[in-house]
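Colleague: I have some questions about how the terms are used for this chain. Could you go through them with me?

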Amino acid sequence: MGKESGWDSVVAVGTVLVALSAMGFTSVGIAASSIAAKMMSTAAIANGGGVAAGSLVAILQSVGAAGLSVTSKVIGGFAGTALGAWLGSPPSS
């Protein structure tokens, strides 16, 4: 296999956003009857009626609503590129 291109990281970021949307974390809020709604309900019950700031549900909704921050994109890009390079490298002997 040849060198990996930067497109792998772009695809990874796009895939994350599509997956979050499919789970119900959308730009307009959590979709009714979705996996996200079930996660939010479980988190709210566990926390006495509210979803804690900084919880997984809160973070995923934040990303789903606003997309990934520039920092997250940069970190994801580096991680995706490193993973792609590692996966594409020949096995050591």
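Colleague: What percentage of the residues in the chain is buried?

Modeller: Buried residues make up 24% of the 93 residues in the chain. Buried means under 20% relative accessible area, exposed means over 50%, and partly exposed lies in between, with a 1.4 Å probe and protein chains only. Before we go on: this is a predicted model, where local features need pLDDT of at least 70, side-chain atom pairs count only at pLDDT 80 or more, and totals for chains, interfaces and linings use all residues. Residues are numbered from 1 along each chain as its sequence is written, and side-chain values use heavy atoms, with hydrogens and water left out.

Colleague: Thanks! How many helices and strands are there in the chain?

Modeller: There are four helices and two strands, in the order α-β-β-α-α-α along the sequence. Both are DSSP runs numbered from the N terminus: H or I over at least four residues for a helix, E over at least two for a strand.

Colleague: What makes the span of α2 agree with its twelve residues?

Modeller: The expected span is 1.5 Å times one less than the number of residues. For α2 that gives 16 Å, and its end C-alpha atoms are 17 Å apart, which agrees.

Colleague: Which residues of α2 are buried, and which are exposed on the other side?

Modeller: Ala36, Ala43 and Ala44 are the buried ones. They cover an arc of only 100° around the axis, so they sit on the same side of α2; the arc is that of the directions from the helix axis to the C-beta atoms. Lys38, Thr42, Ile45 and Ala46 are exposed on the other side.

Colleague: How do you know that the buried residues of α3 line one face of the helix?

Modeller: In α3 (residues 56-66), Val57, Leu60, Gln61, Val63 and Gly64 are buried. Down the axis of α3 they fall within an arc of 160°, so they line one face.

Colleague: What makes up the largest nonpolar core?

Modeller: Seven residues: Leu20, Phe25, Ala36, Ala43, Val57, Leu60 and Val63. Such a core is a set of buried Ala, Val, Leu, Ile, Met, Phe, Trp, Tyr and Cys residues joined through side-chain atoms within 4.5 Å. Both α2 (35-46) and α3 give two or more residues to this core, and the largest share, three residues, comes from α3.

Colleague: Where is confidence lowest, and where highest?

Modeller: Helix α4 (residues 70-88) is lowest, at a mean pLDDT of 65, and α2 is highest, at 93. pLDDT is the predictor's confidence in each residue, from 0 to 100. Where pLDDT is low, the predicted coordinates should not be read in detail.
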